[in-house]
2 protein chains.
Amino acid sequence: MKRRNFIAAAGAATLLGACGQKQECGDSAGASAQQETIKWNMVTTWPPGFQGLGTGAEHLASLIGELSNGRLKVKVFGAGELVPALQVFDEVSSGSVQMGHGAAYYWKGKLPAASFFSSVPFGLNAQEMNGWLLKGGGLELWQELYAPFNLVPMPAGNTDVQMAGWFNKEINSIDDLKGLKMRIPGLGGEVLKRAGGNPELIAGGEIFSALELGRIDAAEFVGPYNDLAFGFYKAAKYYYYPGWQEPGTTLEAIVNKQALESLPQDLQEIVKTACLIANLDMLAEYTEKNNQALNILVEKHGVQVKRLPQEVLDHLESISEKLVEEQGQANELSKRIYASYKDFKQKANAWKVVSQSL
Amino acid sequence: MKRRNFIAAAGAATLLGACGQKQECGDSAGASAQQETIKWNMVTTWPPGFQGLGTGAEHLASLIGELSNGRLKVKVFGAGELVPALQVFDEVSSGSVQMGHGAAYYWKGKLPAASFFSSVPFGLNAQEMNGWLLKGGGLELWQELYAPFNLVPMPAGNTDVQMAGWFNKEINSIDDLKGLKMRIPGLGGEVLKRAGGNPELIAGGEIFSALELGRIDAAEFVGPYNDLAFGFYKAAKYYYYPGWQEPGTTLEAIVNKQALESLPQDLQEIVKTACLIANLDMLAEYTEKNNQALNILVEKHGVQVKRLPQEVLDHLESISEKLVEEQGQANELSKRIYASYKDFKQKANAWKVVSQSL
């Protein structure tokens, strides 16, 4: 109960607190409603202020404030400040918090098909994710998947492709994956396991020392932008590409359905729009910062950037294809999600060969 | 004078007409201001309803209406409906129209450096353009370039990479470019000319018959999405890639500075935000539609998709580099724009090798 009280206190005036009944805030034509300030909380899966991801959530909250001329104010909480990272989904689902920011694959234990809405190994890249979600039916499927949980999902960020990771052991063949102790969570970790490796779950803040002390041989985290800030180049010899495990990770905003529907129509549009802007903005940020950071890693820190051998990539891809298919088998909806994703990917791959070959 | 009268009539109630003085509309906290409807016109460089581009401008106008809860209504005009396509810049600059939608390279006669804000041969791709414009200082330089013309520019669409074009003549060597009669406007056309070809200016609607009648050997237009709709596959043998001449064309919205500043602060934010959403949305649309259309062109219509030989691409690139540099020499600002673009491109290329090699 204590945590619940804290939530209420931190919210100052939550939606219901500020408006009493829905009608008072819901009448967007009324002058008094226009001047009413609605206060929301947003819980996130990111450490407070985390570069790119946490700051992206804060940017989203600011945007909602600006676009609504202050009528809707969203206060952002880092992981653990209101609720632990992995309770974001449940808390927003229950309505104790109005909004959350995280990544869909965190909920794959509950919903295996959720991974398709963040990133899967050898899946869609950032631009393709936007194509599938916004124009290829992906968002509608995502909404259907989250609807029983009272949640409305929206794409609200993208990290661009993530790197294959930092290695203290060269990878020259498929055999080198065997016994490889690597920090790699999620589906990527499962693929490594099936390839004979030992995936480990290590929190971001502990990766550096695990690499430095030799407790692990390798670690993937995000990309040059975040990896430079964490100083991994001081603890590992090689920086491998391409990032097969997450080719373009979409971040999500989730909004409690009743909270969203309690807003006047234009504020509902503003929330959705702000998420899309956050989506665009974060990818632009990662694109620019990854460019800069890779340049610094190579030019200033002399990092050796290496490409995984094609036979290793082919092997990982064939394992991934099976694993990804398994994510889309849980039920009828999962199968439709997988079929839609697979069809989009097949056509996107053909266009990618043609469009990204300059 | 007749056209001016028509503009005023079509606007029904323009900004000044609806609000009289700035204060009446500018006080966003006031209830009467909230309910006031401001009406704007948007002139575009696209044929009315043109797939992807014209519809993108219409989507932008709808978004502004929705986000503002109807407080700002924007009426869209196709090329020639209010003003000819190539007068969009001047009309919005003069203030006779509040807003325009087009592409910056249309104004390169007046401002050679403008091309950097749409697309230049062998330049940035769509994702990189967003990185440079939104996070790499590009937008600020664009604003500086347009400021003397009383215009505020914003990115408001992207076609993704455009194809090298439709050919009835195979391109196997640099020599095959000599004498090539090709519909290719802008800087791409100038590059072809320097390579010994004969670029021709032909309006979109006349390309098909020019190809079919053999008056030209080749034509570039946009990409699979638009090209399929125009039926070029019926008039040409080969569809060549990669699209070196426009690797990711950003469309622009331009807003008259006084018109923008006359809006309440939240409406100003809404206009800017809607442009960014249009930017994201159009790229998602082109990504999805290009995927589908390429598939149809190949599977249904048996189109032969061919890659330009590397020696031809290398030759075109070396010519392009010089030409692009020339665009950035007009004055001190042009030089800064070119330097910023070139620096971004250099780093983006290094990241692209690493990030897009799966």
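## Starting at Phe221

Let us begin with one residue and its surroundings. Setting aside residues within four places in sequence, A:Phe221 is in contact with A:Phe50, A:Gln162, A:Arg183, A:Gly204, A:Ile207, A:Asn226, A:Asp227, A:Phe230 and A:Phe232. Please keep in mind that this is a predicted model.

A:Phe221 sits in the loop between β8 (218-219) and α11 (224-230) of chain A. With a relative accessible area of 11%, A:Phe221 is buried, because buried means under 20%. The unreviewed UniProt entry places a "binding site" feature at A:Phe221.

## The other annotated residues

The unreviewed UniProt entry also gives the annotation "binding site" to A:Gln162, A:Arg183, A:Glu220 and A:Glu246. These residues span 85 residues in sequence, yet no two of their C-alpha atoms are more than 14.1 Å apart, so they gather at one spot.

Take A:Gln162, which belongs to the loop between β4 (151-158) and β5 (165-167) of chain A. A:Gln162 counts as buried, at 5% relative accessibility. Beyond the residues up to four places away in sequence, A:Gln162 touches A:Glu220, A:Phe221, A:Val222, A:Gly243, A:Glu246 and A:Thr249. Both A:Glu220 and A:Glu246 carry the "binding site" annotation in the UniProt entry, as does A:Phe221.

## A closer look at Arg183

Where is A:Arg183 placed? This residue is in strand β6 (residues 181-183) of chain A. At 10% relative accessibility, A:Arg183 counts as buried.

Leaving out residues up to four places away in sequence, the residues that A:Arg183 touches include A:Glu200, A:Ile202, A:Gly204, A:Ile207, A:Glu220 and A:Phe221. There is also a polar link to A:Ile202: a polar atom of the A:Arg183 side chain lies 2.8 Å from the backbone oxygen of A:Ile202.

## Salt bridges along the chain

Side chains of opposite charge can pair when their charged atoms come close. How many salt bridges does a search of the whole structure find? Over all chains, the search finds 26.

One of them joins A:Arg336 and A:Glu144, whose closest N and O atoms are 2.6 Å apart. A:Arg336 is in helix α15 (residues 332-355) of chain A and A:Glu144 in helix α8 (residues 138-146) of chain A, so this pair ties together parts that are 192 residues apart in sequence. A:Arg336 is partly exposed at 33% relative accessibility, and A:Glu144 is partly exposed with a relative accessible area of 36%.

Another salt bridge is formed by A:Arg194 and A:Glu326, with 2.8 Å between the closest N and O atoms. This pair links distant parts of the chain, 132 residues apart: A:Arg194 is in helix α9 (residues 186-194) of chain A, and A:Glu326 is in helix α14 (residues 310-327) of chain A. A:Arg194 is partly exposed, with a relative accessible area of 38%, and A:Glu326 is partly exposed as well, at 41%.

In chain B, B:Arg194 forms a salt bridge with B:Glu190, where the closest N and O atoms are 3.1 Å apart. B:Arg194 and B:Glu190 both lie in helix α9 (residues 186-194) of chain B, four residues apart, about one turn of the helix.

## How the two copies relate

Finally, let us turn to the pair of chains. A turn of 180 degrees and a shift of 0.0 Å along the axis lay chain B on chain A with an RMSD of 0.0 Å. The two copies are thus related as by a two-fold rotation axis.

Which surface do the copies meet through? They meet through the same surface, because 100% of the interface residues of chain B are also interface residues in chain A.

Technical notes. Residues numbered from 1 in each chain as written. Chains lettered and ligands numbered in written order. Predicted model: local features only at pLDDT ≥ 70, side-chain atom pairs only at ≥ 80, totals over all residues. Heavy atoms only, no water. UniProt positions renumbered as here; feature names shortened; annotations may be inferred. Helix = DSSP H or I, 4+ residues; strand = E, 2+ residues; numbered from the N terminus. Buried < 20%, exposed > 50% of the residue type's maximum accessible area, 1.4 Å probe, protein only. Contact = heavy atoms within 4.5 Å. Polar contact = N/O pair within 3.5 Å; in protein donor to acceptor, adjacent residues only side chain to side chain. Least-squares fit on C-alpha atoms with pLDDT ≥ 70 in both. Salt bridge = Lys/Arg side-chain N within 4 Å of Asp/Glu carboxyl O.
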